[in-house]
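This briefing introduces one protein chain to a reader who has not met it before. Please look over the sequence and the model shown here, then read the notes by topic.

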Amino acid sequence: MRKPSTCFVAFALAFMFLPPLFAQVDDSGNLARNPIIWADVPDLAAIRVGDTYYMSSTTMHLSPGLPIMKSRDLVNWQLVGYAYDTLGDNDALTLQNGKNAYGAGSWASSLRYHDGTFYVTTFSSTTGKTHVYRTKDIEKGPWAENSFRPALHDHSLFFDDDGRVYMIYGGGNLRLVELTPDVSGIKPGGVDQAIIPNASRVAGPNIGLPAEGSQMWKINGKYFLFNITWPRGGMRTVIVHRADKITGPYEARVALQDKGVAQGGLIDTPQGNWYAYLFRDYGAVGRIPYLVPVKWEDGWPVLGEDGKVPDTLNLPASKGLIPDIVASDEFDRRRGDSAFPLVWQWNHNPDNNNWSLTKRRGFLRLTTGRVDGDFLSARNTLTQRMFGPECSGTVCIDVSNMKDGDFAGLGALQKRYVLVGVKISGNAKSIVLVSAESGSQVEVESEQLTHDIVFLKVECDFRNRADKARFFHSIDGKQWTVIGKPLRMTYTLPHFMGYRFALFNYATKTASGFVDFDYFRVSDKIITAN
């Protein structure tokens with residue numbers, strides 16, 4: 001058994017009394033409230049198989065990717081796997097030769113269950129392909145993959161009753177293309193046509209974001225296609241098209257225009273109730289999932305309560321995001337354990353030669369494998385979601401084996417990132433705060449450090465889109481010192497992702513230095529005094 005470390009002893013008693021994480025619930029604690037998940041889970045695709053729901057979403061430049069979540073009640077979701085370890089192996093995905101896949105990688109997925117097989121598909125401008133993943137066991141895998149060109153934008157995979165297979169895709173002008181029965185590629189001589197030209201026109205003439213994010217269903221013999229569009233000066237809007245044949249003609253309605261909650265589709269419960277699963281842009285925390293009740297009137301799905309997204313839902317209350325969506329990690333591993341819990345993802349493809357959980361038992365070792373110019377260029381940055389309404393993350397690091405020019409610590413990952421860590425200059429160590437809040441990397445503050453064990457913390461406030469982060473350091477894990485002023489986090493389109501906790505180590509002069517992370521601990525409370 002691993003002996004308690006200095007870091008563990010310093011924090012053990014305090015950590016025992018941290019409260020569990022709970023998502024929003026009503027005053028009685030009996031009903032769920034929107035958002036269902038106050039964390040970045042965008043571009044949702046969901047299915048129900050029996051009494052179990054499954055959901056996939058976008059994770060773009062992160063690896064592993066294309067996460068699969070499971071729920072029994074549409075509210076409490078658990079990560080159960082990923083469709084792929086790495087999407088590809090080019091320079092952009094491996095952060096080499098000055099290239100990257102920020103905001104790219106894999107985008108909106110489509111999730112289906114057909115004839116005993118689960119399919120999840122996505123597309124990528126980074127690979128130029130449409131990717132198809134399939135498995136008999138969605139929770140355990142393994143997943144088989146095939147891909148084909150071109151990359152079909154925001155497609156919806158659809159198995160029709162007559163055995164034919166299609167993808168509906170595109171932006172503005174929506175198209176239908178027929179696939180081979182085994183979903184290995186586009187069917188030669190099959191259907192390939194525009195089915196809804198200018199699909200946004202139902203939302204008005206002044207459109208900023210043309211209709212995209214297609215998701216198709218066949219319900220009671222009719223085809224229903226959900227899309228998102230965005231009128232200029234307005235908000236994200238759900239539109240629905242309906243037809244008797246998959247090729248059309250289609251009639252259309254605006255289905256929801258409230259709070260900018262949009263993009264997603266329909267799901268029913270075993271009891272016959274219907275919901276729309278959608279997401280909302282919510283500042284720096286990212287795009288967060290909402291559920292909206294659906295009624296059927298005159299053969300159309302009617303979303304919301306009097307056209308509005310309700311705060312309270314007639315569903316069980318959330319039991320919390322920890323440990324199924326975010327989690328602490330002591331980096332202890334028993335024989336047979338996976339290397340990392342599913343909450344962790346690498347920023348781009350990792351270099352597996354330069355991280356270890358075995359070289360020092362109970363620690364994550366990050367070794368620099370090359371020289372990099374800045375944080376966003378560095379490989380082997382380990383991340384997981386930040387979340388609302390507020391959260392904190394804490395690490396304890398042994399920095400005794402860093403080299404001149406190395407920088408390691410805890411970051412808030414987005415294009416306008418903020419980092420707190422240890423920097424080595426010659427033989428001197430410093431605690432530094434680095435910010436890219438202005439658009440370029442700037443060292444905001446520096447304090448001399450004489451210890452080899454350091455504790456670092458970031459606290460985040462996403463309430464009412466405050467999007468504030470504060471950073472702290474400590475030498476004993478008890479008394480915390482603020483470094484720098486509260487910093488504003490900003491969601492940017494080049495990254496297209498909510499902020500993430502990030503454990504990093506990179507070299508600016510000489511490779512092969514390393515740091516040992518003793519733990520990462522996450523909380524839904526900000527407990528440090530102002």
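**Overall form**

The chain has a radius of gyration of 24 Å, which agrees with the value near 24 Å expected for a compact globule of 530 residues; the radius is taken over C-alpha atoms, and the globule rule is 2.2 Å times the number of residues to the power 0.38. The model is predicted: local features need pLDDT of at least 70 and side-chain atom pairs count only at pLDDT 80 or more, while totals for chains, interfaces and linings use all residues. Residues are numbered from 1 along each chain as its sequence is written, and side-chain values use heavy atoms, with hydrogens and water left out.

- Along its principal axes, the C-alpha trace spans about 75 × 55 × 45 Å.
- The chain contains one helix and 37 strands; both are DSSP runs numbered from the N terminus, helices being H or I of at least four residues and strands E of at least two.
- Of the 530 residues, 60% are buried (under 20% relative accessible area, with exposed meaning over 50% and partly exposed in between, for a 1.4 Å probe and protein chains only).
- Among contacts with a separation of 6 or more, 59% join residues 24 or more positions apart; a contact means heavy atoms within 4.5 Å.

**An eight-stranded sheet**

- Strands of a sheet pair through backbone hydrogen bonds, either parallel or antiparallel.
- One open sheet of eight strands runs in the order β4-β24-β27-β36-β29-β30-β31-β32, with antiparallel pairing; two strands pair if DSSP finds at least two bridges between them.
- Its edge strands are β4 (62-63) and β32, each of which pairs on one side only.
- At one edge, β4 and β24 (residues 345-347) form an antiparallel pair over two bridges, and L62 stands opposite N347 in β24.
- At the other edge, β31 (residues 428-435) and β32 (residues 442-449) are antiparallel over seven bridges, with V442 of β32 as the bridge partner of S435.
- The hairpin of β31 and β32 has six residues between the strands, and G439 there takes a positive phi near 110°.

**Nonpolar cores and cysteines**

- The largest nonpolar core has 94 residues, and L303, M386, F471 and L503 have the most contacts inside it; such a core is a set of buried Ala, Val, Leu, Ile, Met, Phe, Trp, Tyr and Cys residues joined through side-chain atoms within 4.5 Å.
- Strand β21 (residues 287-297) supplies the largest share of this core, five residues.
- A second, separate core of 18 residues includes L66, V80, Y133 and I138.
- Beyond its neighbours within four places in sequence, M386 touches residues including C391, C460, F462 and F501.
- The model has zero disulfides, a disulfide being a pair of cysteine sulfur atoms within 2.5 Å.
- The sulfur of C460 lies 4.4 Å from its closest cysteine sulfur, in C391, and is therefore too far away for a bond.
- C391 is buried at 0% relative accessibility, and C460 is buried with a relative accessible area of 0%.

**Two residues with side-chain to backbone contacts**

- T122 is found in strand β8 (residues 117-124) and is buried, at 0% relative accessibility.
- The side chain of T122 reaches the backbone oxygen of W107 at 2.6 Å, a polar contact (a pair of N or O atoms within 3.5 Å; within protein, one must be able to donate a hydrogen and the other to accept it, and residues adjacent in sequence count only if both atoms are side-chain atoms).
- Leaving aside neighbours within four places in sequence, the contacts of T122 include L66, S106, H131 and Y133.
- R201 lies in the loop between β14 (192-196) and β15 (207-219) and is exposed, with a relative accessible area of 51%.
- The side chain of R201 reaches the backbone oxygen of P197 at 2.2 Å and that of N198 at 3.0 Å.

**Backbone details in loops**

- A cis peptide bond with omega of about 0° joins N34 and P35, and P35 lies in the loop between β1 (31-33) and β2 (45-49).
- The peptide bond from S63 to P64 is also cis, with omega near -5°; P64 lies in the loop between β4 and β5 (65-71).
- V183 has a positive phi near 60° without being a glycine, and V183 is buried at 0% relative accessibility.
- F496, not a glycine, has a positive phi of about 55° and lies in the loop between β35 (481-488) and β36 (500-507).
- At 18% relative accessibility, F496 is counted as buried.
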